[in-house]
Structures are given as structure tokens and as C-alpha cells.
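Q: I have the sequence and the coordinates open side by side. Could you walk me through them?

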Amino acid sequence: MLSNNNALIDLVRMRMPYGKFKDYRICDLPEHYLVWYKQKGFPAGKLGQLMGLMYEIQLNGLEYLLKPIKDAESR
């Protein structure tokens, strides 16, 4: 299970390890990709949990929550 304290930071820092969007940050994965994974099943482990969280964030229009973290990471 993800730690609530670090989940948003992990969305910005962790990168997709394989596939068409390899090396994309989880927070930058396109919506259609996350929807596709939601339908087929997210991968096991932390990656799948983060992808599921990002899916929910996009579904509910909460991407603004990641902006301060993205800004801090780009400094």
C-alpha cells in the first residue's frame, strides 16, 4: 500500500519502466494509456498502485495537486 505522505511525490519522480511510454513520469502518462490499463488491469506492486492513483487523479480533475511538486522538482 502507498504511503499517503509520499504518493504524490512518487507520481512526479517515478518513471514508467517499459512500453510505449518508457521513461515518462507517471504523472505525465496520457489519460488514454491509463484508461487502457484500468480496463486490462494495472501491473502489480507500487507501479500499478501509482498508475491507479494517477488514473483517479485525472478522472477527478485533480492534476493541479501535482503542480507544486512538479515545480519544486524542476528547480
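**Helix H3 and its surroundings**

A: A place to begin, bearing in mind that this is a predicted model, is helix H3, in which Leu47, Gly48, Leu50, Met51, Gly52, Met54, Tyr55, Ile57 and Gln58 are buried.

Q: What covers the buried residues of H3?

A: The cover over the buried residues of H3 includes H1 together with helix H2, which takes in residues 31-40.

Q: And how many residues does helix H3 have, and how far does it reach?

A: Helix H3 runs over residues 45-59, which gives 15 residues, and from its first C-alpha to its last it reaches 21 Å, close to the 21 Å expected at 1.5 Å a residue.

Q: What follows H3?

A: H3 is followed by Gly61, a residue whose phi is positive, near 65°.

Q: Let's move to H1. Is Asp10 buried or exposed?

A: Asp10 lies in helix H1, which covers residues 7-13, and it counts as buried because its relative accessibility is 17%, where the cut-off for buried is under 20%.

Q: Which residues is Asp10 in contact with, leaving aside its neighbours within four places in sequence?

A: With those neighbours set aside, Asp10 is in contact with Lys46 and Leu50, and Leu50 is one of the buried residues of H3.

Q: What about Ala7?

A: Ala7 is also found in helix H1, and with a relative accessible area of 8% it is buried. The C-alpha atom of Ala7 is separated by 9.8 Å from that of Met54, although the two residues are 47 residues apart along the chain.

Q: Stepping back, how many helices and strands are there in the chain?

A: The chain has four helices and zero strands, so that reading along the sequence gives the pattern α-α-α-α. The radius of gyration is 12 Å, close to the 11 Å that the globule rule gives for 75 residues, and the chain is therefore as compact as a globular protein of that length.

Q: What does the C-alpha trace span, and how much of the chain is buried?

A: Along its principal axes the C-alpha trace spans about 35 × 25 × 25 Å, and 32% of the 75 residues count as buried. Among contacts with a separation of 6 or more, 49% come from residues 24 or more positions apart.

Q: Last topic, the surface and the charges?

A: The chain exposes about 4,900 Å², with carbon and sulfur atoms supplying 51% of that area. There are 11 positive and 8 negative side chains, and the centres of the two sets lie 4 Å apart.

Terms used
Residues are numbered from 1 along each chain as its sequence is written. This is a predicted model: local features need pLDDT of at least 70, side-chain atom pairs count only at pLDDT 80 or more; totals for chains, interfaces and linings use all residues. Side-chain values use heavy atoms; hydrogens and water are left out. Helices (H or I, at least four residues) and strands (E, at least two) are DSSP runs, numbered from the N terminus. The radius of gyration is taken over C-alpha atoms; the globule rule is 2.2 Å times the number of residues to the power 0.38. Buried means under 20% relative accessible area, exposed over 50%, partly exposed in between (1.4 Å probe, protein chains only). Contact means heavy atoms within 4.5 Å. Accessible areas come from the Shrake-Rupley method with a 1.4 Å probe; for residues, only the protein chains shown count as cover. Lys and Arg count as positive and Asp and Glu as negative; His and the chain ends are not counted. The place of a charge is taken as NZ of Lys, CZ of Arg, CG of Asp or CD of Glu. The expected span of a helix is 1.5 Å times one less than its number of residues.
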